Structure formats: C-alpha cells, structure tokens
Amino acid sequence: MKSTLKKHLLFLIIVIGMCVAPVFTNAYQLRILISAALAMIFAMSLNLLMGIGGTVSFGHAAFYSIGAYTTAVLWYHFGTAYSTNFIPVLLITGLAGLLLSLPMSRITGRYVTIITLSFAEIVNLIIKNWDPVTLGQMGIVGIPSVNLFGHVLKSKTEFFYLTMFFVIMTYIIMNWLVNSKLGRNLRAISNDPIAAEAMGIKIFPYKVIVFTISAVFAGIAGSLYAHLMSYVEPSTFNSNLSFQCISMVVIGGLGNFSGTMLGALFLTILPEYLRKFEFLFKYRMIAYGLVLVIVMWINHSIPGTKLKNAIFHKKNTEA
C-alpha cells in the first residue's frame, strides 16, 4: 500500500493542487490551467508510444487535429453535441492511428521520423484543402461549449473539471496498460525486439495496438480543445505542437506518466509567466528554450544526474 502511494504521490499532488486552484484563480489563469490539463492528456498519450512502445512520433499533432476537426465538423454539418461526437472521435482517431501503425510497425531509425512527419503534413494538407468539409484555411468558428447528454457546461470551471476527469482517467488507464501483459510485452520489444521475438512475442500486433491507443487519447484531447477555443484552423496543428509534446514527455521522463503531467504543466505555464516580465517579452522564447535545455540537462545527462544526486544526498544526510 505504501509503495503504491509513493509511486503515485506526484500524481496525487498535481491533481489535488489543480482541482483546488480554480478557487484562487481568475478567468485567464483558469484558461491556462485548462490548456495545461489538455497538454497532460496529449503528452501522456505520446509517452505511451515513446516511453512504453519505444517509438518516437514527430507527427503526434496529427491525431490531436483529427480529434479537434472530427468534433468541429460533426457539429458544423450535423449540429451534434459533444456526447454524440465522442464515439466517432474515438473511432476516427483510432482508425488514423491504425493506418499509420501499419507501415510504422515494419520500420526503424530515421524512417520513423520521415513517416510520422509526412503523415502529419498529409493530415494538415487535407484539412487545409478539403473546403466542403473542413472549410479550409478559414477554419470552423462558433463551436459551442460541451453538451453532455443535454447538460451544457456554461462556465469554464465546469469545463476545467471535465478536463481533469479525463486527465485522471487517462493516467489510470495508462498505468493499467503498463502493468498489463500488453505493457510488459511492449517494454520487452522496446528494450530488445530481437530477443522479444525469440521469446514468442509478436512485434507487429503489439505496435499496432499501442499506436491505435495512443492516437485515441490524443484525439480526446483535441476534441476538448475544439470546445475550449470554439474555433479550429489548420495552422494551430503544425509540427511545433508535436515538438512541444515531445519536450513534455522528455522532461517528465519516458514511461513516467506523473512526470509527464508535471512536464506538461511546467511547459504550459512557463511561456505565460515569462510574459509578465517586460524585458523578457521580446525574448521569452529564448528564455523558454534555455530553461528547457537546463531541465533536460539535469534530468538526462550524466553530470546533471550527478548534480541532482549530490543535492538530494546532502539533504538526506542533513535530515
């Protein structure tokens, strides 16, 4: 019991802190917290693929955009509510993940980067040019708030708690998957695919499954994003979004979902916080990049790890 609590302690601190935060925040800060919660879902979906599946996707924003546009298109053309659109979002993003996984499961190395980036560009080009459905470059405007079986979420606070519900469910499902036979086999494949295959683990179906699940959760985040912004347009879902998501995963730690949540919270709040400093306003992206490099150096380099261990060891000795 104690080991389980310790393992999920960071998750509990983040969730409790965020659930209490709306009491002390204004409308602008609450919107940032909602964006951070969406980033958590999005980043955890990628961490399942990278940290557990061992596959780096540079085009994960494609699934995010598919989820957002599925919701927007269904509302615009058919007037359907969020609760009605939820299942189509799961099916369409899952299908997209399945289609991408078919070639991805057969390749490694640099070709993974090429295919994932190409897939994201193809999706973006379809969104830009399929005018009768997506309205092209103009985007879709006026997407209403979430309607759950007739109950419309009238305030951003209600929307925030709905998003937090999905954050919690994503975390629970991801950890369940990691500890299941699927997760154990995926780790074996990630560590040594040849040895895993020699032990009777079929690589292809497992990679297809993890790609599909990862795409579905990214689609859920994208669907909520469409209702948050009430507007979707192609330029939002570019390669920068994929790289931001990768940064959140790397900072939080591969395979560490609570760390990914912290990374998503940190990288969502930091750029907004830098806006407060007038002298950093023009150079806030440089400052953001420097902080990102420092954090990654501490977490993922040998000198950084030694520094971190030295600090914590000193604190433990004093205690």
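The following paragraphs describe the secondary structure, helix packing, nonpolar core and backbone outliers of a predicted model.

The chain contains 15 helices and four strands. Of its 319 residues, 47% count as buried. Among contacts in the chain with a separation of 6 or more, 75% are between residues 24 or more positions apart.

The packing of two helices can be described by the angle between their axes and the distance between those axes. For helix H2 (residues 9-20) and helix H8 (residues 156-179), the axes come within 11 Å and cross at roughly 170°. Angles over 145 degrees count as roughly antiparallel, and H2 is therefore roughly antiparallel to H8. On the H2 side the contact is formed by Phe11, Val15, Met18 and Cys19; H8 contributes Phe160, Tyr161, Met164, Ile168 and Tyr171. By residue class, this contact comprises nine nonpolar residues, with no polar and no charged ones.

Met18 of H2 also appears in the largest nonpolar core, which has 87 residues. The residues with the most contacts inside this core are Met18, Met40, Leu224, Val232 and Met261. Helix H3 (residues 27-52) gives the most to the core, with 17 residues. When neighbours within four places in sequence are left aside, Met18 is in contact with Leu33, Ala37, Met40, Phe160, Met164 and Leu265. In soluble globular proteins, nonpolar side chains tend to be buried together.

Two helices were examined for length and burial. Helix H13 (residues 257-274) has 18 residues, which at 1.5 Å a residue should span 26 Å; its end C-alpha atoms are 26 Å apart, in agreement with that value. Because 13 of the 18 residues of H13 are buried, this helix is largely enclosed by the rest of the structure. Helix H4 (residues 61-78) also has 18 residues and an expected span of 26 Å, and the 25 Å between its end C-alpha atoms agrees with this. H4 is mostly covered, with 14 of its 18 residues buried. The residue that follows H4 is Gly79, which has a positive phi near 70°.

Most residues other than glycine have a negative phi. Leu135, a residue other than glycine, has a positive phi near 65°. This residue is found in the loop between helix H7 (131-134) and strand S1 (140-141), and at 24% relative accessibility Leu135 counts as partly exposed. Phe149 likewise has a positive phi, near 55°. Phe149 lies in the loop between strand S2 (147-148) and strand S3 (151-152). With a relative accessible area of 75%, Phe149 is exposed.

Conventions: Residues are numbered from 1 along each chain as its sequence is written. This is a predicted model: local features need pLDDT of at least 70, side-chain atom pairs count only at pLDDT 80 or more; totals for chains, interfaces and linings use all residues. Side-chain values use heavy atoms; hydrogens and water are left out. Axes are lines fitted to C-alpha atoms, for helices over the stretch in contact, and angles run from 0 to 180 degrees between N-to-C directions. Helices (H or I, at least four residues) and strands (E, at least two) are DSSP runs, numbered from the N terminus. Angles under 35 degrees count as roughly parallel, over 145 as roughly antiparallel, 65 to 115 as roughly perpendicular and the rest as oblique. Contact means heavy atoms within 4.5 Å. Ala, Val, Leu, Ile, Met, Phe, Trp, Tyr, Cys and Pro count as nonpolar, Asp, Glu, Lys and Arg as charged, and the others, Gly among them, as polar. A nonpolar core is a set of buried Ala, Val, Leu, Ile, Met, Phe, Trp, Tyr and Cys residues joined through side-chain atoms within 4.5 Å. Buried means under 20% relative accessible area, exposed over 50%, partly exposed in between (1.4 Å probe, protein chains only). The expected span of a helix is 1.5 Å times one less than its number of residues.
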